[in-house]
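This report concerns backbone geometry and cysteine pairing in a single protein model. The sequence and structure are shown below.

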Amino acid sequence: MTDIQPARGTHDLIGEDQRRHHHVVETARHVSGCYGFEEWITPIFEDTRVFSRTLGETSDVVTKEMYTFEDRGGDSITLRPEATAGVCRALVTNGLTQSLPRKVFCSGPMFRYERPQKGRYRQFHQIDIELIGPSEPLADAEVIACGWNILKALGVHADTVLELNTLGDQDSRAAYREALVEYFTAHKGGLSPDSLVRLERNPMRILDSKEEQDRKIVAGAPTIQPHLTEAAAAFYTKVQEYLTRFGVPFRENPRIVRGLDYYSHTAFEFVTSKLGSQGTVMAGGRYDGLVAEMGGPATPAVGLAAGVERLAMLLDAAPLAPAPVAVVPIGDEAEAAAIGILQSLRAAGIRAEMSYRGNLRRRMERANKIEARAAVILGPDDLMQGVAQVKDLKTGAQEAVAIPDIAAYLT
RNA sequence: GUGACUGUAGCCCAAUGGUAAGGCGCGGGACUGUGAUUCCCGUCACUCGGGUUCGAUUCCCGACAGUCACACCA
């Protein structure tokens, strides 16, 4: 044992973990591809301002969760805590605001300095979908539908509900905020200490409180509905209509508030009951102001992100490791010939392995251990006859096959 | 950031105030051209630092780490 430990909140993906992870990302890549999203790969670190400017000065992510450091040139660098800001930056710096809409798929590691627990890590992975350009509610619905289909393709949708809300436009929000401050100030005495802070900084967050004493007060709090401008209300209604068209079931939840400040209009979360308090498995919303804040032209956009680790945990069964074919030579002469067989199998697209040492018995044990589906046994006698014994390791059936025919036989 | 529980080999796990058992795995053998069974042999450990004690893996304190929950979030 060494005294070197993995850094806190990081984890290695090996074996089954890797297969689950890979399956989630592959599925998302494929499904989003069907919706016309194309993959971008953006840097995992950015100029700190990319995040500090956009995520909200008071958000937890910016105030205490960012991995920020100064590089050797004295620039402030931050490991990305989420993908959207980087995608918007890439859109602007590549001049792509001239060719909209853009439909972007991203995946990769994100970093947040938090206390690790189940489904929460300091380096974790997200899949991310951004639809940049359209201001129409159809776009919101399409992004959500794509997310829903990813969950379906993964087989985890049964335990998941889509909770939907609107945060309204600028005017709606301002009016609503005022109403909330008025209401919560009147009930100030009953609020939890945390919520008193929220009242100062971002009163909408109180709605999301899980504190028992807050919940009673929150239950009586005004909703945004009466404060929505006509346009914002109409937009929200449209999103719901389209969702129904896309066949996505949802439940309205007027308490949904996202953790990042850049959202407006549509906000949503896919929540599962199976993951304890880390039940949010996929979430997103509309962020019409973000591209402009990055220095680009005012550009509407919607997007979502999902936690790969959380989805991987929800998967019923881990994808199986592909079963190889084991080539088993007996003696040096056979080994030399076996290399030819090995390569012909691989050239035919068959996963094939030969161990590096051991007598027949050892090699058969080894074949069993790697869960080979078949063994190609090649001894001096076989070699003389130009055949190999191909044994099915499930059934135990064995047959002599002419060496040139082995690849076809095993396909 | 707050709290609870845990820390014994590569992994799972037992016992003990006098330095530790078992299982899996791994290596070898019974078995010199046939695996998953069986049997035998071997291999590998008390997170770290302090305190109490003749003596601490065991008791106490602290650090660190892990797990889980809260807050918050994907």
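His 265 counts as buried in this predicted model, because its relative accessibility is 10% and the cut-off for burial is under 20%. The residue belongs to strand β9, which spans residues 264–272. Although His 265 is not a glycine, its phi is positive, at about 55 degrees.

A positive phi is also found at Glu 371, again a residue other than glycine, with a value near 55 degrees. Glu 371 lies in the loop between α13 (360–369) and β14 (374–378). Its relative accessible area is 61%, so Glu 371 is exposed. As background, most residues other than glycine have a negative phi, and most peptide bonds are trans.

The peptide bond that joins Leu 100 and Pro 101 is cis, with omega at about 0 degrees. Pro 101 is placed in the loop between α4 (84–93) and β5 (102–111).

Turning to the cysteines, the structure holds 0 disulfides. Two of the cysteines are set out here.

| Cysteine | Closest cysteine sulfur | Sulfur distance | Citation |
|---|---|---|---|
| Cys 88 | Cys 106 | 10 Å | |
| Cys 146 | Cys 34 | 8.6 Å | |

Why does Cys 88 form no bond with Cys 106? The sulfur of Cys 88 is too far from that of Cys 106, at 10 Å, because a disulfide requires sulfur atoms within 2.5 Å. Cys 146 is likewise in no disulfide. Cys 88 counts as buried, at 0% relative accessibility, and Cys 146 also counts as buried, at 0%.

Methods
Residues numbered from 1 in each chain as written. Chains lettered and ligands numbered in written order. Predicted model: local features only at pLDDT ≥ 70, side-chain atom pairs only at ≥ 80, totals over all residues. Heavy atoms only, no water. Helix = DSSP H or I, 4+ residues; strand = E, 2+ residues; numbered from the N terminus. Buried < 20%, exposed > 50% of the residue type's maximum accessible area, 1.4 Å probe, protein only.
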